[in-house]
2 protein chains.
Amino acid sequence: MVNVAVIGYGIVGSGVVELISRNRTSISRKTGDEIFVKKILDIREFPGDINQEMFTRDPQDIYNDASIGIVVETIGGVKAAYEFTRRAFETGRHVVTSNKELVAAHGPELLDMAAEKGLSYLFEGSVGGGIPIIRPLNQCLAANEIKGISGILNGTTNFILSKMKNEGEDFATALKFAQENGYAEANPSADIEGHDACRKIAILSSIAYGEFVDCRNIHTEGITGISTDDMEYASAMDCVIKLVAMSRRAGKMIMARVSPVLIKKNHSLANVEDVFNAIVVSGDAIGDAMFYGRGAGKFPTASAVVADIIDIVNHVSRCEKGTWEKKPYNNVIDIGEYVTAFYVRTSVRNSVEAKRFISEVFKGVEFIRLNKPGYDDDLVFITQPCKEKDFYPKVDKLKGIGSIRNVLSVIRFGDGFTNGN
Amino acid sequence: MVNVAVIGYGIVGSGVVELISRNRTSISRKTGDEIFVKKILDIREFPGDINQEMFTRDPQDIYNDASIGIVVETIGGVKAAYEFTRRAFETGRHVVTSNKELVAAHGPELLDMAAEKGLSYLFEGSVGGGIPIIRPLNQCLAANEIKGISGILNGTTNFILSKMKNEGEDFATALKFAQENGYAEANPSADIEGHDACRKIAILSSIAYGEFVDCRNIHTEGITGISTDDMEYASAMDCVIKLVAMSRRAGKMIMARVSPVLIKKNHSLANVEDVFNAIVVSGDAIGDAMFYGRGAGKFPTASAVVADIIDIVNHVSRCEKGTWEKKPYNNVIDIGEYVTAFYVRTSVRNSVEAKRFISEVFKGVEFIRLNKPGYDDDLVFITQPCKEKDFYPKVDKLKGIGSIRNVLSVIRFGDGFTNGN
């Protein structure tokens, strides 16, 4: 019999408790053992909940209970979760979590601590919800040199972008709908500003490249600047706009970025709609492999957490000791060095003059016309790939020119980025 | 240091040897150990091959070498592979294979034998080439009750169907092209008759449902009867024709089938083109998750084989003891009981009379017209879902009726099947 304590009885935590109970028979068959939730730590009250006798508000009830071997941390956030996790390792418990914020911030330290004690720290639920991605990266693709990862890693923003594209809604309306329907939080900034996706690509990259990638070093842009006009142009170019998190191995360094991108409709990530996530992993042996499914939600995420528990019970878990090496320098190449093509939408006073000037500043641009009323003052163009640090000063040159009223939006074009060096 | 012997130096076997050598550094980092190929068994000669000193034609050179801990069986086929595998277990070696034929035929016995000896028998490479699917099913989705699996599991047939659809070629021409370009074997029957896909869905189903599913009990149809005319009608109905292998849990029994199906273009499997494979797994907690990538080929498959070797070295492998229970009865429901809709293409002498007769025999059919020259004598219809055992006698009624010249093709419509009971 394996006893588990769940810290944080929110959406994921309650899903874990329910799933362990619901699929007890098949889980027993797979483990040859029985898994029980013995304690649930939460400061809130849950009147009417069937698990009343398990609730406690005192962490000591967990740490002093020698029968508890595994702690599930599903409270989220960094501070309290960090303390609970350290305490669990200090008292000899394995820890399973879906907390990407904590793993992205303190992964190397917590993995080291677990490894020193011969314990497991598993977090399949921290990226991609129920989609198996961390274990496949760690194990199934272990024979590969991973060259790159691209993914739609945040369901909230993908839901909003899908709604803008399919129903012509503006960002604010789509966000409000997402909030009213439980697809976005009351404070949506972690999602819409790209930070959630950034933490997730940092975790995946740390696994893939065998060294810690600090999310604070990853250039991150969200979707708040995307307009329905940009969606119209994207569609006219047979493209869609997606918030894509990407990283690439570049010699001894790593390139990584989170930003909206225009990608062609036949791109593997283009048809990932609504709250779904998808992750494309490129390996030297396997080529491209894609993993697709529900990136969030009570039971998908609980499914990943319980799978980690089962792995611990089956003794197949493995600490990542030695594979998340923390480099003494910033191992992420500065975004300014990446070579990227851009989509630029401007508002112009004089189209002919503006075109001439733009063509002078950017060599080899392609102008895009939208044959629709209301877009007469727009001038949109796609640049040749160039270093980002060379691109932005050129954009600045467009501002304050008589023929150009305004630069309305700048979005990266295509899924590529290369190291210009 | 871990020494490996490779039995069978064909496409996959030679890929395994090359991959272990090429990615030695990163594999060492992940295992904390070094993996070496010490012996290669093959009766053929490989003049000029850099691994000359490892070759042997005598299996005893492997079995008598106490330093060899893992045997990689990549000769394929059943008879010799079975003997080599048993012998490896008898002499205390772990076995890794990509041999779906052997696993589908003797999986329960070989898994039992390995488990009794405390050894591993791993076969990630047997299904989906490099796509991680067996380990995800076994581990990542272990918290789920698996409800069903659908997949494009054979790259050769998918390549042929893609070529027929995209270039209007007939089956024979597309097959010839596939053979000339290494996408189909000289004797292509295992692929084009559906047997390869059948073995793979049998293996996945055995894992998913925790009981052995014998491929001999799975109704299997190939793609040899698919014509370019059927492709035209599919396109007109916004569908594509794919060879789909499916299984469903149905109470204590299992439903399983391999056959061409007409699926809508927005179906997750519809856009899987050329030699790619994709597998959709439906679980009670995760919903649908899809795994996509190269389903065959030297390095993708070698990637899966080497991942299994790494798992054994890391002691994270797990035998499937007890989870491939062999039932004393046929646990696959007979295809006649499945409720399916059908596409039927007939050649008619008198369209009005034929329609009247067809509508009498099949209630609620939908007729499809192709507005193209040359299809005037065709009459195509889609039936309501009905039990297959009730469907075929009705089709027989159409034959030999004055207004209907011939029944040209019958293809299942939609990805659904339900248990009519």
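Two strands pair if DSSP finds at least two bridges between them. Helices (H or I, at least four residues) and strands (E, at least two) are DSSP runs, numbered from the N terminus. This is a predicted model: local features need pLDDT of at least 70, side-chain atom pairs count only at pLDDT 80 or more, and totals for chains, interfaces and linings use all residues. Residues are numbered from 1 along each chain as its sequence is written, while chains are lettered from A and ligands numbered from 1 in the order in which they are written.

**Exercise 1. The bridge between the chains**

Task: Find the bridge partner of A:Tyr292 in S12(B), and state the sense in which the two S12 strands pair.

Solution:
- Step 1. Go to strand S12 of chain B, residues 287-294.
- Step 2. There, A:Tyr292 has B:Met290 as its bridge partner.
- Step 3. S12(A) and S12(B) pair in the antiparallel sense, over 3 bridges.

**Exercise 2. The contact between the chains**

Task: State how many residues of each chain are in contact with the other chain, and describe the side of chain A.

Solution:
- Step 1. Apply the contact rule: two residues are in contact if their C-beta atoms, placed from the backbone, lie within 7 Å.
- Step 2. By this rule, 43 residues of chain A are in contact with 43 residues of chain B.
- Step 3. Find the elements of chain A that supply at least two residues each: H2 (24-31), H6 (134-140), S12 (287-294) and H12 (298-313).
- Step 4. Sort the residues on this side of chain A: 22 are nonpolar, 12 polar and 9 charged. Here Ala, Val, Leu, Ile, Met, Phe, Trp, Tyr, Cys and Pro count as nonpolar, Asp, Glu, Lys and Arg as charged, and the others, Gly among them, as polar.
- Step 5. Check the predictor's scores: the complex has an ipTM of 0.91 and a pTM of 0.93.

**Exercise 3. The overall form of chain A**

Task: Decide how compact chain A is for its 421 residues.

Solution:
- Step 1. Count the elements: chain A has 14 helices and 17 strands.
- Step 2. Compare the radius of gyration, 24 Å, with the 22 Å from the globule rule; the two are close, so chain A is as compact as a globular protein of that length. The radius is taken over C-alpha atoms, and the rule is 2.2 Å times the number of residues to the power 0.38.
- Step 3. Add the box: the C-alpha atoms fill roughly 80 × 50 × 35 Å along the principal axes.
- Step 4. Look at the contacts between residues at least 6 apart in sequence: 75% of them join residues at least 24 apart.
- Step 5. Check the confidence: mean pLDDT (the predictor's confidence in each residue, from 0 to 100) is 94 for chain A, and 97% of its residues reach 70 or more.

**Exercise 4. Buried strands, exposed loop**

Task: Classify S11(A), S13(A) and A:Lys252 by burial.

Solution:
- Step 1. Use the cut-offs: a residue is buried if 20 or more other C-beta atoms lie within 10 Å of its own, exposed if 12 or fewer, and partly exposed in between, with C-beta atoms placed from the backbone.
- Step 2. S11(A), residues 276-283, has 7 of its 8 residues buried. Its partners include S7(A), joined by 6 antiparallel bridges, and S12(A), joined by 8. A:Phe276 stands opposite A:Arg294 in S12(A). A hairpin through 3 residues joins S11(A) to S12(A).
- Step 3. S13(A), residues 338-348, has 8 of its 11 residues buried, so the rest of the structure largely encloses this strand. S13(A) runs antiparallel to S15(A), with 5 bridges. A:Ser347 has A:Asp378 as its bridge partner there.
- Step 4. A:Lys252 lies in the loop between S9 (239-250) and S10 (253-264) of chain A. A:Lys252 counts as exposed because it has 8 C-beta neighbours inside 10 Å.
- Step 5. For chain A as a whole, buried residues make up 52%.

**Exercise 5. A parallel sheet in chain B**

Task: Give the strand order of the 6-strand open sheet in chain B, and name its edges.

Solution:
- Step 1. The order is S3-S2-S1-S4-S5-S6, with parallel pairing.
- Step 2. The edge strands are S3 (55-56) and S6 (121-122), since each pairs on one side only.
- Step 3. Take one pair: 2 bridges join S2(B), residues 35-41, to S3(B). B:Ile40 has B:Phe55 as its bridge partner.
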